[in-house]
Amino acid sequence: MLEALKLGCVRGDRRLFENLNFALESGGLIEVRGPNGSGKTSLLRIICGLAAPAEGEIRWQEKNIRSLGEEYSGAIAYVAHQNAVKDELSALENLRISTGLAGNSLSQEETQAILTRVDLSGYQHLPARLLSAGQRRRLALARLLASRATLWILDEVLASLDDAAVELSREFICDHLNQGGMAIIATHQELNLHVGSSQRLDLSP
Amino acid sequence: MFWWLVWRDLILAWRRRADVLATLFFFVIVVSLFPLGIGPEAQLLRTIAPGIVWVAALLASMLSLGRIFGNDYQDGTLEQILLTPQPIYLLVLAKVLAHWLVSEVPLVAIAPLLGVQFGLSQNTLGTIAVSLLLGTPVLSLIGSIGAALTLGLRAANVLIALLVLPLCIPALIFGAGAVEASVDGTNSQPWLLLLAATLIVSLVFAPWATSAALKISVE
Amino acid sequence: MSVRSINWYKYAAPANFYPLAGKMIPSLTGITAVLFIMGLYLSFFVAPTDFQQGEAYRIIFIHVPAAWMGMFLYVLMAVYAGLGWAFNARLASMMATAISTTGAVFTFISLVTGALWGRPAWGVYWVWDARMTSTLILMFLYVGFISLQSSIDDPRRADRAGAVLALVGLINIPIIYFSVQWWNSLHQGATIRIANKPTMAPTMLAAMLILLAACWMYSIAVVLVRVRCIIREREREAPWLAEAVA
């Protein structure tokens, strides 16, 4: 259960938002909308714990995320604008290493299976710098699938994906939510997800 | 997870060997410049050798420090590393260890060979190796603080040098002092012990400062 | 109004501190001027001539207070920066930034006056004794702090990064000083025996202490002026500022 209480954010000289409140339960989805520069990325980073809010707090299972530390980090998965893909490593290596770092080591076969699900089989041994932007985004998605996180925090996850990949992402997100996971997604596009509880958070000024 | 990070950094360094070798060659060139600038008189070279080898090692290390966190910061991997359920202190140690193995150990290995250019005795060459072996981790540890503070800034490399070099002065004094003692024929042990003490203090405190700096820079 | 009835915490907000500082500056400037005149008079006209070094020694009346100020201000800067970081207090961080320049200036003065003292006293402008070398390194630490803060655009990141650097520097200072002493004691040539200050006549001590007090008052005044500038720069969007400045 994720809660945000009286959240405020200031970037440089600008006040991006204040007095933001929301709650997210298991199986729930929050879509964050707003024009560029309205603070979507800042909000997501605050929820991750990477940035501290100017006011207010975020609570996970009734406890402030600052005091939870690693316990909270283990429960979330974050996909940022950047793909967090190392150019010199192959797709397979990238995935194995990121899951190993997150504490869930996967075997070669399991990693291969996930890459197949995101339609990257056949490319798994190429150095990632040879992959297209869409393929790298799919690699970021693969990382998401491989994680055992409850809360998915996604920033423009559909960017640079082709239609097939967008369809795949929708499917993955729905599956995740149906299995009791939660997601907060910042997006420009309509997600059109058929899920139980969905909220919309609009950060337009 | 600690070893995954070390392993990852080692693989990445191997695939970008050119960067690593460039630092090594810089070290070699700088050390060789001094006799060219000062003159080949044997006694003089023997006196200045400890200082030169050490200062060159410091400067070469400054070149490589930008890479500890720089690449990861650029492609978004650093954030992911910070979001793993591991104390950041350990992750910093992992990265510093990898940096030391890749950028500093080659210096330690090649320095005795360079010492031959200065006409130093076997004993002194050994002391050079030991002093650098103890001292280069200190450079990596303190350097990581500078690297973390200057993430994403323009001219980060020069700024790192400006911030880190004064803090490395004790290591320089103790390390070069040890080699000098060896050249003079006196006991270099007290110097090496002081250097070891500096290493232990850095090992305990520096990663903590670096993790604080990372959280500040990433925000 | 008793001290207890003043709510000190309210001055932690830039909006309240700004006018308070403004009121303090003129009186501080006055006190500074008086103390400087007294101190300089004592140093140059009253303190006896040193039989070893003649009149030239008088520069230590500026050199020693400047050196002390350089060190005290570094500690103060690190403390303010640390408080600003720990309590997320913007004003404390602004104070640290304001102090850094003054500290650097005093350290620089101490280096220059040290060299000017060296020439008549020992024949050379610079000797690598423990104290001068440590002062030089302190100068580098100040320059590092100032460069770091000026390279970072985001003010809060600059504040916190500066705090980490200043605190790391603070912890390092004893280690650096110790290592420089060790280095110096082993490399000491037989030629120059340094750091013997002339024995202090009471008037000399008085002059030095008065000048030290003058430097303190000066520092406080100038730091308050600078911090007001910093407040104006950083809080320029805030509504209270427009009224306060008008």
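The following questions and answers cover chain contacts, a nonpolar core and a helix pair in a predicted model.

Residues are numbered from 1 along each chain as its sequence is written, and chains are lettered from A in the order in which they are written. Local features need pLDDT of at least 70 and side-chain atom pairs count only at pLDDT 80 or more, whereas totals for chains, interfaces and linings use all residues.

Visitor: Which helix gives the most to the largest nonpolar core?
Guide: A nonpolar core is a set of buried Ala, Val, Leu, Ile, Met, Phe, Trp, Tyr and Cys residues joined through C-beta atoms within 7 Å; buried means 20 or more other C-beta atoms within 10 Å of the residue's own, with C-beta atoms placed from the backbone. The largest such core has 195 residues, and those with the most contacts inside it include Ile153(A), Val53(B) and Met95(C). With 14 residues, the top contributor is a helix of chain C, residues 202-234 (a DSSP run of H or I, at least four residues, numbered from the N terminus): α6.

Visitor: Which element gives the largest share of the side of chain A that touches chain B?
Guide: Contact means C-beta atoms, placed from the backbone, within 7 Å. By that rule, 23 residues of chain A meet 22 residues of chain B. Elements giving two or more residues to chain A's side are α3 (70-73), β6 (76-79, a strand being a DSSP run of E, at least two residues) and α4 (91-101). The largest share, 4 residues, comes from α4(A).

Visitor: How many nonpolar residues are on the side of chain B that touches chain C?
Guide: Here 20 residues of chain B are in contact with 22 of chain C. Ala, Val, Leu, Ile, Met, Phe, Trp, Tyr, Cys and Pro count as nonpolar, Asp, Glu, Lys and Arg as charged, and the others, Gly among them, as polar. On chain B's side, 2 residues are polar and 2 charged, and the number of nonpolar residues is 16.

Visitor: Are α2(C) and α4(C) parallel or oblique to each other?
Guide: Helix α2 (residues 60-86) and helix α4 (residues 130-151) of chain C have axes 11 Å apart and pack at about 40 degrees; axes are lines fitted to C-alpha atoms over the stretch in contact, and angles run from 0 to 180 degrees between N-to-C directions. Under 35 degrees counts as roughly parallel, over 145 as roughly antiparallel, 65 to 115 as roughly perpendicular and the rest as oblique. The two helices are therefore oblique.

Conventions. A residue is buried if 20 or more other C-beta atoms lie within 10 Å of its own, exposed if 12 or fewer, and partly exposed in between; C-beta atoms are placed from the backbone. Two residues are in contact if their C-beta atoms, placed from the backbone, lie within 7 Å.
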